Amino acid sequence: MLANIFLHHVLDEWYAREAKPRIKGQSFLIRFADDFLVGCEHETDAQWVMTALTERLQQYGLTLHPTKTRLVKFGRPREKSTRENGSFDFLGFTHYWATSRRGYWVIKRETARKRLRRTFKRIWEWCRKTRHEPLREQHRALCLKLKGHYQYYGIRCNYRKLSLVYRQVWKAWKYWLSRRSNKGSISWEGLSKLEQLFPFPKPQIIHDI
């Protein structure tokens, strides 16, 4: 909340009042809390915004993140290659160019690799710490985690990454349940029964964006 109040003056008002009138081509600003994206039609405008924004933030004791801030050429590709034409991460999604089924260039989004690795790590650690809890309680919590993940990342063209999370949850749960005792790991037959008794919500596209 504080970031929204502070950056509304430092960034939003400054961009609308001082920056955008000086930009020669088309431009836009998208901000969510302290994460923001500035789009410029011309590279020279983008370079000017980078310099001017750095000076603006310094006036208020702020700096741009050195590793998360960069200029990205993200125009519509002319060749058939996609990722080589530029991609960027924003709000947990990797944005990149790809061709549609009809052969048109479109912007697609998928779960960013860093977010995916972080999700895997958290699921693995959670299953390890709670492996001795009752199965029904574990299952209920994991279902809620999956539904929450689908609610945010369940956008069109991202089904494959949703499926990876679904499979990782099963993998982590099976692994740590097998270590509840010294009797050995769960057999495939046991796993099959577990899936029937405690099914997880399947991946689904929630937002058709």
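**Close-up views of aromatic rings in a predicted model**

**View 1. An arginine placed over a tyrosine ring.** In this predicted model, R179 lies over the face of Y175, and the distance to the ring centre is 3.7 Å.

**View 2. A tilted pair, F93 and Y153.** A search of the whole structure finds 13 aromatic pairs. In one of them, the ring centres of F93 and Y153 are 5.2 Å apart and the planes meet at 55°, so the pair is tilted. An angle counts as tilted when it is neither under 30 degrees, which would be stacked, nor over 60, which would be edge-to-face. The pair links distant parts of the chain: F93 belongs to strand β4 (residues 93–99) and Y153 to helix α4 (residues 135–153), with these positions 60 residues apart in the numbering. Both F93 and Y153 are buried.

**View 3. A tilted pair within one helix, W170 and W173.** The rings of W170 and W173 form a tilted aromatic pair, at 5.9 Å centre to centre and with 50° between the planes. Both residues lie in helix α5 (residues 159–177), where they are three residues apart, about one turn of the helix. W170 has a relative accessibility of 9% and therefore counts as buried, because buried means under 20% relative accessible area. W173 is also buried, its relative accessible area being 0%.

**View 4. A cluster of four residues.** W170 and W173 appear again here, together with F198 and F200. Ring pairs link these residues into a cluster.

Definitions and conventions:
Residues are numbered from 1 along each chain as its sequence is written. This is a predicted model: local features need pLDDT of at least 70, side-chain atom pairs count only at pLDDT 80 or more; totals for chains, interfaces and linings use all residues. Side-chain values use heavy atoms; hydrogens and water are left out. Rings of Phe, Tyr and Trp (its six-membered ring) pair if their centres lie within 6.5 Å; planes under 30 degrees apart count as stacked, over 60 as edge-to-face and the rest as tilted. Helices (H or I, at least four residues) and strands (E, at least two) are DSSP runs, numbered from the N terminus. Buried means under 20% relative accessible area, exposed over 50%, partly exposed in between (1.4 Å probe, protein chains only). A charge sits over a ring if NZ of Lys or CZ of Arg is within 6 Å of the ring centre and within 35 degrees of the ring normal.
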